Amino acid sequence: MYDTSSDSKILLDTVQKFMADEIYPHEDRVDKLGYVPDEIGKQIEEKSKEVGLFAANLPEKYGGGGLDYSSMMIVEREYGKTSHALHSWIARPTEILLACNEKQMEEYLYPCVKGDKRELFALTEPDAGSDIMSMKSNAKKEGDDWILNGSKHFISGPCMPDFAIVFAATGEDETPRGKRKRITAFLVDVGIPGFDIQEGTKCISYRGYKNYQLSFNDVRLSADKILGTEGNGLSLSGKWLGMGRIWVGATCCGKAERILDLALDWAAQRKQFGKPIGTFQATGFKLADMKMNLRAADLLVKDAVDRALTGQMMDEDAAIVKIFCSEMLNKVADDTVQIFGGMGLMEEMPIERLWRDSRLERIWDGTSEIQRHIVTRSMLRPLGA
Ligand SMILES: Cc1cc2nc3c(=O)[nH]c(=O)nc-3n(C[C@H](O)[C@H](O)[C@H](O)COP(=O)(O)OP(=O)(O)OC[C@H]3O[C@@H](n4cnc5c(N)ncnc54)[C@H](O)[C@@H]3O)c2cc1C
């Protein structure tokens, strides 16, 4: 880490102490169990409220911790060292909820800030992953109400939510590039007629972090369940996805730092041919590359955060961070398994879990291929291609 201002140091110390006391002791057990026992989740939630980390990302005027992007970068980087299954109990409610009107704030935003409610962000569908515009979920107007049909999958969170922010097509618009689905975001309460939510299949990354399958069968929603305005769902989600990708970058840097420490330790301790294996160039150069690429990744995250702070962050900036940091992490994790040799694959060593966890980072929040597509498009479009 390069930011050494005293405020940052205090924040970093707070998060590190919290992780040491409340998170790390549960990592192995949760990974082996495949779920987070309720009492552990609740304890993380409560203790994080005590130290001011719960909902730290949201402005103070809404009851949040009021941390700016630079501070959240420090926090997310530390959280990245562990599993989503655990740190996601320290809620960072999605900033899309700031688009709530006053009544919706009472019903959704404030309860999330207090920890009385949990939300899900539901964009992906079984037949619409990377190609989100092919979504089949749709809502049709009936009188003043909307009737929602469709399904979502891979929608993740720490525990059964109270409501989902669901993206659905509410019509089509003519654009210079042809017809385009008009996407609207709805606030959909768990438990209302026609809305079914089930736990999805188990994921080998971040064991214990849940994902849900949602299905909507003629779900009747009043007009005041629209978040923002009809048709601005994509701009709402786009705004949030951009910062989300930067936080993926920060978490990847944190995890890579933790893995590099393990690699270094092993390379210094493990002896073959009478010498520490780190002194063999093949191992030592891996370590040097890890350090170099981690530093580059950290600087890219900081650059994107600086751009976001001045309102200049573009989609391509977030995409570059997402690609570089997640691929850096996967290389660091894979090379570290190699440095550990056979022990790298044994369940008793934490590297096996960190390697598995790392793999997801190149996939969720938009795959590496889709991020490269975003970067390519941003270069070619101005040239008319
Ligand atoms: C554990 C987990 C949690 C998740 N949480 C959420 C959540 O909370 N909310 C949510 O909405 N979504 C969530 N997702 C969904 C995630 O964002 C998607 O998995 C991701 O966007 C990729 O979609 P897909 O899995 O359908 O892959 P696909 O879109 O089917 O892609 C398969 C492969 O094809 C490649 N590909 C596709 N199109 C192109 C193209 N044009 N050019 C080049 N290559 C291409 C992809 O890069 C990938 O390699 C989660 C996923 C997982 C696994």
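**View 1. The ligand between domain 2 and domain 3.** In this predicted model, the ligand lies between domain 2 (118-231) and domain 3 (236-383), because both domains give residues to the shell around the ligand. The residues that come nearest, out of 16 around the ligand, are T124, S130, F154, T367 and E369. By class, the shell holds eight nonpolar residues, six polar residues and two charged residues.

**View 2. Polar contacts to the ligand.** On the ligand, a nitrogen atom lies 2.8 Å from a backbone N or O atom of F121. Two side chains approach oxygen of the ligand: a polar side-chain atom of T367 lies 2.7 Å from an oxygen atom, and a polar side-chain atom of E369 lies 2.8 Å from an oxygen atom. The ligand taken alone exposes 980 Å², of which the protein buries 63%.

**View 3. Secondary-structure elements around the ligand.** Two or more residues of the shell around the ligand come from each of β3 (145-157) and α11 (368-380). Strand β3 gives the largest share of this shell, with three residues. F154 and E369, which are both among the residues that come nearest to the ligand, fall within the ranges of β3 and α11, respectively.

**View 4. The contact of domain 1 with domain 3.** The chain is divided into three parts, namely domain 1 (6-92), domain 2 (118-231) and domain 3 (236-383). Between the C-alpha centres of domain 1 and domain 3 the distance is 21 Å. To their contact, domain 1 gives 17 residues and domain 3 gives 23 residues. About 1700 Å² is buried between domain 1 and domain 3, with 55% of that area on carbon and sulfur atoms. Domain 3 also gives residues to the shell around the ligand, as does domain 2.

Technical notes: Residues numbered from 1 in each chain as written. Predicted model: local features only at pLDDT ≥ 70, side-chain atom pairs only at ≥ 80, totals over all residues. Heavy atoms only, no water. Near = heavy atom within 4 Å. Polar contact = N/O pair within 3.5 Å; in protein donor to acceptor, adjacent residues only side chain to side chain. Areas by Shrake-Rupley, 256 points an atom, 1.4 Å probe, with all protein chains shown as cover. Helix = DSSP H or I, 4+ residues; strand = E, 2+ residues; numbered from the N terminus. Nonpolar A, V, L, I, M, F, W, Y, C, P; charged D, E, K, R; others polar. Domains from an automatic or database assignment. Contact = heavy atoms within 4.5 Å. Buried area = accessible area lost by both parts, 1.4 Å probe.
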